[in-house]
Structure formats: C-alpha cells, structure tokens
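Thanks for coming. I have one model to show you, so let me put it up and then talk through it.

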Amino acid sequence: MEYWKAHRTLKFARELEMGSLERGYEDLPAYLHMIRRANRGTLTRLNVDDSGRFKYLFIAFGASISGFNFMRKVVVVDGTFLHGKYKGTLLTALAQDGNFQIFPLAFGVVDTENDDSWQWFFTQLKLVVPDNNGLALISDRHKSIGKAIRKVYPLAARGICTYHLYKNILVRFRGGNLFRLVKKAANCYRMDEFQSVFDEIETLHPVLHGYLERADVRMWARVHFPGDRYNLTTTNIAESMNKVLAKTRSFPIVRILEEIRLMMTRWFNDRREDALAMKTTLTRGVEKLLEDRVSGAKQATVQTIDSRHIQVICGSSLHVVNLDSKRCTCRRFDIDKLPCVHAIAAAEHKNVSRVSLCHPYYFSQFLGNAYAGSVMPNDFAVPVPDDVGIQVCTPPIPRNQPGRPKISRMKSCLEVASEKKRRRKQHTCSLCKKEGHNAKTCINH
C-alpha cells in the first residue's frame, strides 16, 4: 500500500471512531456548556470571528482553580502545535504541587501564536490567577508572551526558561566551557558567586556576556529574580505535559478536551488518595529531598553565635543561619523555602524540628487540599438548552502545507546530546545496598 493511501485509510478510520474534525468544532459550544454544568466553578471561553469561524478557546476546571490556592504562586506557560487539517496551537498554564508533580491549571487552543492570541489567553487566565506582586510567570523567550505579560500582568515577575537559553547559546556560541559557566551563573544562589562567574564569562567571551545582559539577568539568573520562583527555573513541566498529550494533538478539538478531562480526572483522584495515605507532615518528595541533606548536615560543625544566629561550617565554607527568620547566608533556604544543609544542622543543634522550617506549601495536608476537588464527566442525559444548541462554531480556514504531513519536530542539538548521554551510575552503599550514599554516611545501620 502506498503512503497516501495508508494515510487516507487511517484518517477515515479515525473519523469513524472519533468523528470528523469539522464536527469537533460544531460540537464545541454544547461540550463547553456541559463541562461547566458538571463542574462547578469551571471557566470556559469560546471566541469566533464575524463569520462564526473558530478563533480562540480557553478552559480552566473548577477543581484546578480552587486547588491553585494551595500551590506556590509560580505559573509555567507554553504552547505546542496541533496536527491535522486545521493546525492550531495548544496553550497550557501549569503549576507544580508540593510533591513536585505537574498541576494542570488552564488550557487554551488558538489559531496561531502571535500578540493577539497570547494577550487573549492571558486575559482569560487573569480571571483564574489574579495579577499581584507575589506571582511569577515562567516561559520561553517568545516575544509575544513577553508583550502579553507586560500588558496583562504588570505586577507579576517574569522569568525565562534557562533550558531554552542554554540551547540558544549552544547554537550561537560554541564551547562547552562557556556553556558550563552560563549554567553555573544561572543557578547561583549568592550574589558574590554569580558576579564572579559572570565576570569570568565577560573575560572569556565579551560577546556572550553582552548577549546574556540583553536577555536581562533578572529573568534567567536565580539570584537576580525579583520574585519567588522556588525550584522552577525551566519550562520542563510544560514540555512534560506536551509529551503526555502528544498522541491526542491530531484528534478533533472536542476529543482533545475530553482527553484532557480524562487525564485530570485520573490525576486528581490518584493524587488525592496518595496525599491522604501519607503518614508524614511533609510530602513524600520533600521528605526524600531533606533525607539526602541530613547526611551532609551530620558532617557540619555548629556553633551558637547569639540567641538568633548560628554558625555552621561545612568543609571550607562558613554560613550563618537564622532559624527565626528562616534565612541562611547560602540563600538556598531563603529562595527554595526549604531548609538547606546548614539550616538542618542548626536545627539539630537547637532541637528544632526541621518540619517547622518548611513552607506550608510542602505539607501533605496542603497537597490533599489542592486535589480535594473532582473533575466530573459530562452528563449527556440532560439536554442542552436551545440557546446553546444554536450557537455557530465552524472550523477555521485550513492551512495545510504541501508534502508529507509532519507529526514531530526536529530535535535541537541539546536534546540529541542529552539522549546520547550515558546515565551516571549511582554509588551503592555496601551496608544497606541502597543508592545515593556510602557506608560512612549510611543512616540505616
């Protein structure tokens, strides 16, 4: 069978199973009405042009809107292309819960990524996530995203994905040593460390230094970021969501929304049960993170300075911890809102629980509250009102490119290199046979 005959056969089979792409747009008004009716608090918006052709779509489930109150106020936004006859772009707005899992917040479908579509998407998102000084928005360096954030979210702090920044540097500037220095500068917690690395970049490559300055250090350097972005320095959670939805992006638009609804129903139920089953005050992910830091804290030398300050020496570094204000001169404690190695050592010295030093966002109770809502399916037994049934939504004008339909994009050099990179073998403890530590630092024996 030739390629195009196989392609038409597959297309015909999909239409029998899922309905046609055209029917998907026609069913949108009724589907969105039923979603709102089944899920209280859900926000949907459908925008069509003067001739009734589809233009923009926005949906945020009520369970996500109420659950975001128990999340760190960092939203990652991204867009990925849709396949099929009518193309389009799927926009996502995501957060990360206290167990370091992806939390779907809102989704949108637009005809293309430009100034108007992104501004419309952020205008709808503002109804779900209000603009304030404590909000951080993370994205790639798309110019339309930057313009929209400045107009719609003037108070929020904007950060750019460091992974995309690294890819641009690899393409424009050759040299593994420079790449290492940029990555080190982006992840610095202390201003003196950042300035030292940034000065070294200027000495080795002034052109790269100028490029990084034009990219605005407040957006990509952790130490200069004006708000709280915690551990979210990239848009990796958005890329992961795009991977989850990769197989659905060629479906009719109503079927795409239904697949998102099914995914969220499953995630909210599983994570709600998981949170209720947790026996610890902190989430499982945070407990594991702090356990890894405890072994390092045991090697530290601790000395009380006064009633508020404690001196902690780890190797050749000396840091001062203030447990009352939850600060450390290494600034990891300040930025991540989780106790660093020095803070854990100081807490052990003062008989203070390290749990009390963590932000409530990382508590298992907060995690359970975030997933307390349910994402319900449509009730097809109740008829759709007549005023909804007569709403017109026709497909946009198709923009098919000549040649074989593409369902995947070309990978960047950084992605190709990461796939070929061999996984680093973890050291295994000779006593407990677990990975990540040795017999000297083992806490199980």
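I will take the sheet, then a helix packed on it, then salt bridges, cysteines and an annotated span.

Some ground rules first. This is a predicted model, in which local features need pLDDT of at least 70 and side-chain atom pairs count only at pLDDT 80 or more, while totals for chains, interfaces and linings use all residues. Residues are numbered from 1 along each chain as its sequence is written, and side-chain values use heavy atoms, with hydrogens and water left out.

Start with the sheet. Helices and strands here are DSSP runs, numbered from the N terminus, with helices being H or I of at least four residues and strands E of at least two. Two strands count as paired if DSSP finds at least two bridges between them. Seven strands make an open sheet, and the order across it is β1-β2-β5-β4-β3-β6-β7, with mixed pairing. Which strands stand at the edges? They are β1, residues 43–48, and β7, residues 157–160; each has a single partner strand, so one side of each has no neighbour in the sheet. On average, neighbouring strands are turned by 20 degrees against each other, direction ignored. The axes behind such angles are lines fitted to C-alpha atoms, for helices over the stretch in contact, and angles run from 0 to 180 degrees between N-to-C directions.

Now the pairings. At one edge, β1 pairs with β2, residues 54–60, in the antiparallel sense over six bridges. One residue pair to find on screen is N47, whose bridge partner in β2 is Y56.

Strand β3 is worth a stop. Its partner β6, residues 136–139, runs parallel to it, with three bridges between them. V75 stands opposite L137 in β6. Towards β4, β3 runs antiparallel, and six bridges join the two. There, V76 stands opposite L94 in β4. As a reminder, in a regular strand the side chains alternate between the two faces of the sheet.

Is β3 enclosed or open to solvent? Seven of its eight residues are buried, so the strand is largely enclosed by the rest of the structure. Buried means under 20% relative accessible area, exposed means over 50%, and partly exposed is in between, using a 1.4 Å probe and protein chains only.

Next, the helix on the sheet. Helix α12, residues 236–244, lies across β3 (74–81), β4 (89–96) and β5 (102–110), and runs at about 125 degrees to β4. Contact in this setting means heavy atoms within 4.5 Å.

Another helix, α5, covers residues 115–128 and contains T123. T123 is partly exposed, at 37% relative accessible area. Its C-alpha atom is 9.5 Å from that of I149, and the two residues are 26 apart along the chain.

On to charges. The structure holds 11 salt bridges, a salt bridge being a side-chain nitrogen of Lys or Arg within 4 Å of a carboxyl oxygen of Asp or Glu. I will show three of them.

R23 bridges to D27, with the closest N and O atoms 3.1 Å apart. R23 is partly exposed at 47% relative accessible area, and D27 is partly exposed as well, at 31%.

In helix α13, residues 253–277, R255 and E259 are four residues apart, which puts about one helical turn between them. Their closest N and O atoms are 3.3 Å apart. R255 is partly exposed, at 25%.

The third is D274 with R284, at 3.0 Å between the closest N and O atoms. This pair links distant parts of the chain, D274 in α13 and R284 in helix α14 (residues 284–297), 10 residues apart. D274 has a relative accessible area of 24%, and R284 has 46%.

Cysteines, then. How many disulfides are there? Taking a disulfide as a pair of cysteine sulfur atoms within 2.5 Å, the count is zero. The C188 sulfur has its closest cysteine sulfur in C330, 12 Å away, which is too far for a bond. C358 is in no disulfide either, its nearest cysteine sulfur being that of C340 at 11 Å. C188 is buried at 5% relative accessible area, and C358 is buried at 2%.

Last, the annotation. UniProt, in an unreviewed entry, lists residues 319–351 as "domain: SWIM-type". UniProt positions are given in the numbering used here, with shortened feature names, and annotations may be inferred rather than shown by experiment. In the model, that span is 42% helix and 18% strand, and its end C-alpha atoms lie 19 Å apart.
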